[in-house]
2 protein chains.
Amino acid sequence: MGISKTEHFTDKQNELASLLKALAHPARIAILEHIIKVNACICNDIVNELPLAQPTISQHLKELKNAGIIKGNIEGNAICYCIDEKVIGKLQKIFSGYEMKIEKKRSCC
Amino acid sequence: MGISKTEHFTDKQNELASLLKALAHPARIAILEHIIKVNACICNDIVNELPLAQPTISQHLKELKNAGIIKGNIEGNAICYCIDEKVIGKLQKIFSGYEMKIEKKRSCC
DNA sequence: AAATAATATCGTAATATTGCAATATAGATA
DNA sequence: TATCTATATTGCAATATTACGATATTATTT
């Protein structure tokens, strides 16, 4: 198949899975980390930084942008990308929540 | 293609991407959340809980187990699954780290 | 206005993922 | 030992993802 049966899960579960999928690629992690490091940069900086062709970088940036993880501002003929704190913050909260619940219970295995 | 050029990225980046991929499916999020909720359960509980066929659940469990997110103990003819705290803890720390770095800088867009 | 620079989009080939029926395996129980 | 119960594996069809060459778009520079 290759298609996920999203209709049976909660909106939160689908959203989280979708966010994680947007980050679940080493190039997109590398892009995220590079933007965090330099605070903001244009697409071409990333093309020079990573060993991938320009259309491939553009595609990865689009996915990160669609997920709300980064945002881009037009600056002349370039586009300045930076992190949108909200989504990373959301992920951090979700994993903190998981960890707290797991710590409370434990036992078993 | 469909193949990722992992050889050009750091081990940490590849590992994180791989972990996130293991969680990047609503069924696997639902499985994780169910196990957290009930602390530990056998595969069949999940089959009854989720609207997916037994082989599909088994496949998702395998991926979560390979990623180290859950672990399974044989109990008679059933297998008792529970969370391995280490990996969720690792993810929580990584996202906390990202958030701290982002908060420190900010500006731009 | 032409050339250049930065980015996006399209089309496509290679590969990966998802879901499940059919079947295998292994322990429990009658 | 035959049957039942729980889980895993195999094989396959449908779909998604990844990567990139070719090309389009848009703004800047000459």
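This section describes the interface between chain A and chain B, one pair of helices that meet across it, and selected contacts within chain A, all in a predicted model.

In the predicted model, 50 residues of chain A are in contact with 50 residues of chain B, and the two chains bury about 4500 Å² between them, with 71% of that area on carbon and sulfur atoms. On the side of chain A that touches chain B, the elements that give two or more residues are helix H1 (11-23), helix H2 (26-38), strand S2 (70-75), strand S3 (78-83) and helix H5 of chain A. Of these, H5(A) gives the most, with 12 residues. The residues on this side of chain A divide into 28 nonpolar, 12 polar and 10 charged. Although charged residues are present on this side of chain A, the count of salt bridges between chain A and chain B is 0, whereas 8 residue pairs are found in polar contact across the interface, both residues of each pair being at pLDDT 80 or more.

Helix H5 of chain A (residues 85-105) also takes part in a helix-helix contact with helix H2 of chain B (residues 26-38), in which the two axes come within 9 Å and cross at roughly 35°. The crossing of H5(A) with H2(B) is left-handed. From H5(A), the residues involved are A:Tyr98, A:Lys101, A:Ile102 and A:Lys105, and these meet B:Ile29, B:Leu32, B:Glu33, B:Ile36, B:Lys37 and B:Val38 in H2(B). By class, the residues of this contact divide into 6 nonpolar, no polar and 4 charged.

Over all chains, the structure holds 6 salt bridges. Side chains of opposite charge can pair when their charged atoms come close. One salt bridge joins the side chains of A:Lys90 and A:Glu15, with a distance of 3.6 Å from N to O. This pair links distant parts of the chain, since A:Lys90 lies in helix H5 of chain A and A:Glu15 in helix H1 of chain A, 75 residues apart.

A further set of contacts within chain A involves A:Cys43, which lies in helix H3 (residues 43-49) of chain A. When its neighbours within four places in sequence are left aside, A:Cys43 is in contact with A:Ile57, A:Leu61, A:Ile79 and A:Tyr81. The C-alpha atoms of A:Cys43 and A:Gly72, which are 29 residues apart along the chain, are separated by 9.4 Å.

Methods. Residues are numbered from 1 along each chain as its sequence is written. Chains are lettered from A and ligands numbered from 1 in the order in which they are written. This is a predicted model: local features need pLDDT of at least 70, side-chain atom pairs count only at pLDDT 80 or more; totals for chains, interfaces and linings use all residues. Side-chain values use heavy atoms; hydrogens and water are left out. Axes are lines fitted to C-alpha atoms, for helices over the stretch in contact, and angles run from 0 to 180 degrees between N-to-C directions. Helices (H or I, at least four residues) and strands (E, at least two) are DSSP runs, numbered from the N terminus. A crossing is left-handed if the near helix is turned anticlockwise from the far one by less than a right angle, and right-handed if clockwise. Contact means heavy atoms within 4.5 Å. Ala, Val, Leu, Ile, Met, Phe, Trp, Tyr, Cys and Pro count as nonpolar, Asp, Glu, Lys and Arg as charged, and the others, Gly among them, as polar. Buried area is the accessible area (1.4 Å probe) that two parts lose on being put together, summed over both. A salt bridge is a side-chain nitrogen of Lys or Arg within 4 Å of a carboxyl oxygen of Asp or Glu. A polar contact is a pair of N or O atoms within 3.5 Å; within protein, one must be able to donate a hydrogen and the other to accept it, and residues adjacent in sequence count only if both atoms are side-chain atoms.
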